[in-house]
Amino acid sequence: MTYLARSPWVIHYDASSCNGCDIEVLACLTPLYDIERFGIINTGNPKHADVFLVTGSINEQNKEVIKNIYNQIPEPKVVVAIGICATSGGVFRECYNVMGGIDTMIPVDVYVPGCAARPEMIIDGVVKALGILEEKWAKMEAGKK
Amino acid sequence: MNLNIITGIIFLILAPLIGGLIAGADRIVTARMQGRVGPPLLQPFYDVSKLFEKETMVVTTTQYVYVVAYIVFIAFTGALFFSGGDILLVVFALTLAHVFLIMGAYASRSPYSVIGAERELIMLMAFEPAIILCAAGMYLVSKSFFVRDIISYNGAIILLIPGLFFAFLYVFTMKLRKSPFDISTSHHAHQELIKGLTTDFSGSVLGITEIAHWYETVFLLGFIYLFFAFNPVIGIIALIVIYLLEIYIDNVSARVRWSFALKSAWIITAVLGIVNIGILFFRWW
Amino acid sequence: MELLIFLILFPALAGLLVLLLPKDFLHGAVVKCSALIVAIVSVVLFAAEWNKGIQIYSLASEPTGQLIFLIELLIAIFLLYIGIKNRQYLVIGLVIVQTALVIWLEMAHPVSEITKNLFVDELTLIMALIVGVIGGLIAIYATGYMREYHLQHKEARDRRPLFFCLILVFLSAMFGLIFSNNLVWIFFFWEVTTLCSFLLIGYSGTEDAKKNAFSALWMNLLGGLGFVIALIALTFIKGSSFELMTLITTGPAIALIPAVLIGFAGLTKSAQLPFSSWLLGAMVAPTPVSALLHSSTMVKAGVYIIVRFAPVFEHTYAGYAIALVGAVTFLIASMIAISQSNAKRVLAYSTVANLGLIIACAGIGTYEAMWAAIFLIIFHAIAKSLLFLCVGTAEHSLNSRDIEDMDGLVLKMPKVAGMILIGIAGMFLAPFGMLMSKYATMRAFLDTPGGFLLILILAFGSAVTVFFWSKWMGKIISVPPSSGETIEKRVSISEWAALYSLSALTIVVCFLIPVISSVIVERFLKTTYGMTTSLPFENVVIMILMLVLVLILPLTFLHYRKDKKHTGPYMCGRPVNDAYAFEGSLGIRRELVISNYYLDSWFGEAKLVPVGCAAGVVLILISFAAMLIGGVIL
Ligand code: SF4
């Protein structure tokens, strides 16, 4: 087991969310859920992060931004799409400016559906992502050798 | 050479452990103050170990050089201090180390790093007079710049230079990067500056910065201990109380602007410095 | 003694030769050769004399004294002519008063009986090395620099022969100033340096240059007036002497009045507050002039003379007042340097500040303070001339003196950038010389009751220094994208020669601190004070250890070269293209401009200069008052 799972630092990006999911993400930091118990920190900086939490769907304005942030997260990294908007575009899917879920732009590892996604679900999603993170790390190490 | 190399080496080995534990305890106490459970005590070690497992991205390769230089000189500073060396050289080495860190931030050229670097320089400017005057005050008391002589001075240094001690305490917060003076970078997720100084550090570069910070914390606590060196028990208690006080201040205060930080630090240092150094000068002559 | 006379006469004669040679014929070669000879001879002189202690040489005052008097009159007439032509009434007035006093002195009190006219001791030797070696290197640099200068500054008339003539004559005057034991001679050479400085500042002939040249002239003439009054005072004070080395051993009761008056002259020459403005104005001159006259040698003449009189100042109120002038200048000038973005002005303010620090040491006058002062002189001369020359070279390639334009210099001009970094590190970072001298300064201040305010000022001043140097370094090393080719190719060989030598000196001399201390400085202190000091051995070891670390750490760069993934800097997710632009809304691209902090509302010139000048005036008046009370009533 690696230390990745013990100290997953997240970056949270609000793509075009209605803010519902964002509030829930931030709720995870509050005393009630206190994700710092698991060593999770919201860094706000891709270069420090391991887990990329995205809420909302992709549109013209944010597609480059998402790609840019994703590229600036050092390997290994996982992407968690939070809320149904991030998963598939949700109710905005048919909008003229919406291109769909996050996976239209970057590879997504875990989908956390819900409108809005509940904090428990988000935490669950992140924990699931940690398993994938470890796998990726193992692959990375194997690649090095 | 009267340097006690052994204690210096002990510092080099133990300081990261102690510093990490302090950081862990700090996070737990902070969490409790906020009504949370908080991370495990060893969390800082997990964090740093993880950082070394990750890929390191750099904006320019020179970043690495600066950060390595930073940790080397921070460790050097502490080792020199704990082996009883010259306190002024210790202060100079500390400045050198910080200049390297700041260069690391400048090198990346992201607006956030650069603003962090400039603010860190302002903090350095606010911090320096106080620590230099403390060294001066200790010299006036013990007639020596050497830490080993200061520590064996029989008398309560704190009672002779209380003014300088308070001035130092005021700027101590800046060095710990705690609120209200965490304007160049911060341990918490304040997002207006991203991470300031360390924005463009990642992976092992960031890990090194963290370890260097532990070294620094232990060194600074050692510096404070000098004021209380006449009685180890009182000294340790004082360190704990002071650190808890810092955590408390961190949690109850909001970040200030650089101008307030600089102005207040200078005014406090100047006023307390003049009074305290003046008293020392005229006691002896 | 032959070497001394050679050093005093040779450069001036070489200068005249340059002036007389036909146009563009062998000028560069003559200047380079004579500069090289001067440098070598000063090293030879050092090798021959370093272990001999004070050597006083007899030389008949007579034809020389009359010749000097004659030249003085010629200079006065020349200045009068220039002053009248340009309607500079202040200059005219000062020249008339000064000349009248000189004539009176010469008529009423001919000092022909003085025979011990030349001398050498350890301090002289150090100064001679600075003037000879650093001065020589700068002269060599200037040959390459001036060619480029005239290509870029079409507005300036090409009077290069005159330029090099003045530089060489100036070197002569500096040697004369430090080798003379006769105060009248010292005064003469002092005035010659003023004249050279005046002419060189005005070299380009633009309005700006003229204005600044005259402001430098009147301030230095004012100092010269103080010098003359000191000489006149000497004729009235019983037991005094016109011989420098005799005078300083007579103690404050006799020597204080001339010491303070000459010290005042030193303050003007070293551009201390309230006289700092002339040095800033002098930055319009070509950069080698700034390096030679206005940072490493001529302004050092001011501190040199004060350092000479330091034993007289020890434990006197007048000495403290002078020390405070220096200390206040150190603090205020360092603060103002924060607000400057013109590289030469930053260097100028830093020069003023460091001279202030040296004067603070000299005013305190204890043996520890002297140790610090001498090392400050050495290291400042080396590092600052290096910096000036680097800025001059960079300026020609970038067409700008602005620090903001040095963004990413490390890619554009890697070697020059490296040298600037060495120079800056030499000015304020730990294992390098200036900081070790500051260490000694601090100890000196703490060991004397007069150090009370000085130590506070020093603590704040040092902190401020860190700020403006670091941000400059940061600007240089920040790496912009798409750098392209380096633009260093145009730099001439003579410039490289000087730059490399000075960079090497900056580092090597740090390693030599213990040697210089024990071989030269401590001997000097022993003879002057009977006591001596040095860095504790342990600290020397630590310092060298740090120095080695700083030198080998850049090698880690090689280790990290490979397989690191590079990304752009973090710009809040807004995509960055190669030109470091933000991709704004609606496809508008916004260039990223990063600028340093200048904190102008705090440290601006407009705010601090008046404060500093007022403090300077008050302190100088206090020193005069203390001199009169101490010298006349008691
Ligand atoms: S999933 Fe629902 S709550 Fe979340 S961003 Fe979309 S609309 Fe808002």
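1. Strand pairing between chains B and C. In this predicted model, strand E1 of chain B and strand E3 of chain C (residues 565-566) run parallel and are joined by 2 bridges. Within this pairing, B:Met57 has C:Lys565 as its bridge partner.

2. Extent of the contact between chains B and C. The strand pairing belongs to an interface for which the residue counts are 72 on chain B and 73 on chain C. Together the two chains bury about 6400 Å², and 80% of this area lies on carbon and sulfur atoms.

3. Charged and polar pairs between chains B and C. The rule finds 2 salt bridges across this interface. In a salt bridge at 2.9 Å, N to O, the side chain of B:Arg148 meets that of C:Glu538. Polar contact is found for 9 residue pairs across the interface, with both residues at pLDDT 80 or more.

4. The side of chain B that touches chain C. At least two residues each come from strand E1 (57-58), helix H3 (62-82), helix H4 (87-108), helix H5 (111-142) and helix H11 (258-284) of chain B. Helix H5 of chain B gives the most, with 17 residues. Sorted by class, this side of chain B holds 49 nonpolar, 14 polar and 9 charged residues.

5. The contact between chains A and C. Here 11 residues of chain A and 10 residues of chain C take part. The area buried between chain A and chain C is about 830 Å², of which 46% is on carbon and sulfur atoms. A:Gln61, A:Asn68 and A:Gln72 supply 43% of the area that chain A buries against chain C, more than any other three residues.

6. Charged and polar pairs between chains A and C. Across this interface the rule finds 0 salt bridges and 1 residue pair in polar contact, both residues being at pLDDT 80 or more. The side of chain A that touches chain C consists of 3 nonpolar, 6 polar and 2 charged residues.

7. The sheet of chain A. In chain A, 5 strands form an open sheet with parallel pairing, in the order E2-E1-E3-E5-E7. Strand E2 (41-42) and strand E7 (110-112) are the edge strands, each pairing on one side only. Inside the sheet, strand E3 (residues 51-55) and strand E5 (residues 78-82) of chain A pair in the parallel sense over 5 bridges. A:Val54 stands opposite A:Ala81 of strand E5 in chain A.

8. A helix across the sheet. Helix H4 of chain A (residues 119-144) lies across strands E3, E5 and E7 of chain A. Relative to strand E7 of chain A, helix H4 of chain A runs at about 180°.

Key: Residues numbered from 1 in each chain as written. Chains lettered and ligands numbered in written order. Predicted model: local features only at pLDDT ≥ 70, side-chain atom pairs only at ≥ 80, totals over all residues. Heavy atoms only, no water. Contact = heavy atoms within 4.5 Å. Buried area = accessible area lost by both parts, 1.4 Å probe. Salt bridge = Lys/Arg side-chain N within 4 Å of Asp/Glu carboxyl O. Polar contact = N/O pair within 3.5 Å; in protein donor to acceptor, adjacent residues only side chain to side chain. Nonpolar A, V, L, I, M, F, W, Y, C, P; charged D, E, K, R; others polar. Pairing = 2+ DSSP bridges. Helix = DSSP H or I, 4+ residues; strand = E, 2+ residues; numbered from the N terminus. Axes fitted to C-alpha atoms, helices over the stretch in contact; angles between N-to-C directions.
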